[in-house]
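Thanks, everyone, for making the time this morning. I would like to walk through one model with you, going from a single loop residue outwards to the whole chain, so please have a look at it first.

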Amino acid sequence: MVITRRQLLRSTLAVLMVAPALSGARLLLSRTRPAWVPTPPPPVVVYWPGAREEGPRLGARAAVLLEVSTGTILYARNEHQRRAPASTTKIVTALIAVERGGLDEMVQVSREAAGTRGSSAHLWAGQQLTMLDLLHAMMLPSGNDAAVAVAEHIAGSVPAFARLMNQRVRELGARNSLFQNPHGLDAAGHYTTAYDLALITRTAMQYPVFAQIVSTRVHESPSGRWSNTNRLLWSYEGTVGVKTGTTDDAGHCLVSAVNRDGLELISVILGSPNRWTESIQLLEWGFDTFRRLELADAHQPLVEAAAPGIEIPIPLASPEPVQILVRHDQVQDVHLRVRLAPISLPVRRFQLMGQVDLLLGDELVRTLPLEAAASVGRPAWWRRLLGLGA
């Protein structure tokens with residue numbers, strides 16, 4: 001049965017509306033946000049209750065499945081175990097390059113970059129190409145030579161660029177990552193986790209140019225022709241990225257992003273006996289099990305509050321999208337609980353009015369602030385005189 005937003009709100013608000021005073025209500029607006037992201041991600045990452053017990057049996061040493069919009073970890077296996085990341089490192093390298101701009105700048109490939117060992121985009125010393133082409137050369141065929149060229153152009157040297165990488169991932173909450181190079185060749189003290197890679201990828205995919213690059217199957221330009229190593233772009237419906245990686249220490253790794261049926265999923269598979277099969281198994285389980293209910297867009301009126309002395313109610317909205325992730329059979333278990341601060345007029349638009357709890361059965365899933373969606377003035381003087389308004 002498909003339940004509409006209007007039906008859901010009508011059936012729950014009459015029962016769950018309460019109005020206790022809120023102390024320190026303005027604290028609801030405080031958020032820790034990455035410094036450079038144009039549209040901040042949801043402020044928290046939460047775990048689905050069965051994230052560590054449910055899901056497919058995988059041979060991967062570590063794995064994560066993340067639903068992007070709600071920031072929900074659906075599946076977790078050794079997600080905080082520090083592991084060599086191989087070329088999934090290049091997700092961070094590309095993120096730094098995109099955020100620091102200059103995609104139309106010309107980059108000259110140094111002798112050191114051209115001589116980098118491992119997977120190659122076949123660049124040569126002295127070659128000049130745009131940063132945008134260079135990022136395709138790095139992300140599609142996984143060119144280690146291209147990664148060093150990017151690092152040298154942006155920071156002057158590989159060690160200086162590694163410092164930028166580590167600074168940026170700490171801002172994103174990746175607390176168990178340390179990068180020594182931009183390409184991912186095995187090195188002492190070069191590691192990340194499945195959880196951290198999911199966080200980093202979630203941010204990177206917000207940049208349209210990053211998303212465009214990692215979804216490209218083949219890129220042709222005057223500088224070269226490069227094919228993507230990610231087979232899922234050809235074989236798995238809805239795949240839009242992201243990056244393969246293989247080294248002796250890391251094993252076979254794959255970070256994938258797939259959009260399908262209103263869900264945006266990021267899977268991370270590290271040290272897998274078959275990264276393609278196991279990525280598909282994990283993603284299929286996610287799509288078969290979960291759906292996202294969108295109750296209201298950001299700043300779209302969600303509920304109404306009565307105010308003393310006026311007949312027209314005050315529309316209330318959340319500054320963030322009001323959405324919840326559920327199993328397909330749990331739609332009817334979703335409820336809202338609205339808590340309002342004492343109302344006094346006038347009310348200004350965007351004024352904090354209370355909060356709304358998203359509940360799955362009796363379990364609190366998420367709490368969002370509620371703001372006035374419109375300004376409301378004080379009642380007329382004669383209504384106040386007659387005691388009909390504040």
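Leaving out residues up to four places away in sequence, Gln180 touches Val158, Ala162, Ala188, Gly189 and His190, and I should say at once that this is a predicted model. Gln180 itself lies in the loop between helix H6, residues 158-171, and helix H7, residues 194-204. Of the residues it touches, Val158 stands 22 residues from Gln180 along the chain, with 8.1 Å separating the two C-alpha atoms. On the other side of the list, Gly189 has a further role, since the side chain of Gln180 reaches the backbone oxygen of Gly189 at 2.9 Å. Is Gln180 buried, exposed or partly exposed? Its relative accessibility is 34%, and because buried means under 20% and exposed over 50%, Gln180 counts as partly exposed.

A second loop residue makes a useful counterpart, namely Thr88, which is found between strand S3, residues 72-77, and helix H2, residues 90-99. Thr88 has 0% relative accessibility and therefore counts as buried. Once its neighbours within four places in sequence are set aside, the contacts of Thr88 are Leu197, Lys243, Thr244, Gly245, Cys253 and Val255.

Let me turn to a pair of helices. Two packed helices are described by the angle between their axes and the distance between the axes. For helix H4, residues 131-139, and helix H8, residues 208-215, the axes come within 9 Å and cross at roughly 45°. That angle makes H4 oblique to H8, and the crossing is right-handed. Which residues meet there? From H4 we have Leu132, Leu135, His136 and Met139, and from H8 their partners are Val209, Phe210, Gln212, Ile213 and Val214.

Some of these names return in the largest nonpolar core, which has 113 residues, and in which the residues with the most contacts inside the core are Leu134, Leu135, Met139, Phe210, Val268 and Ile314. Taking Leu134 from that group, and again not counting residues up to four places away in sequence, we find that it touches Val107, Leu123, Leu129, Ala146, Ala149 and Val150.

Finally, the chain as a whole: it has 11 helices and 17 strands, and buried residues make up 53% of its 390 residues. Among contacts with a separation of 6 or more, 65% are accounted for by residues 24 or more positions apart.

Note on methods:
Residues numbered from 1 in each chain as written. Predicted model: local features only at pLDDT ≥ 70, side-chain atom pairs only at ≥ 80, totals over all residues. Heavy atoms only, no water. Core = buried A, V, L, I, M, F, W, Y, C linked by side-chain atoms within 4.5 Å. Buried < 20%, exposed > 50% of the residue type's maximum accessible area, 1.4 Å probe, protein only. Contact = heavy atoms within 4.5 Å. Helix = DSSP H or I, 4+ residues; strand = E, 2+ residues; numbered from the N terminus. Polar contact = N/O pair within 3.5 Å; in protein donor to acceptor, adjacent residues only side chain to side chain. Axes fitted to C-alpha atoms, helices over the stretch in contact; angles between N-to-C directions. Parallel < 35°, antiparallel > 145°, perpendicular 65-115°, else oblique. Left-handed = near helix turned anticlockwise from the far one by under 90°.
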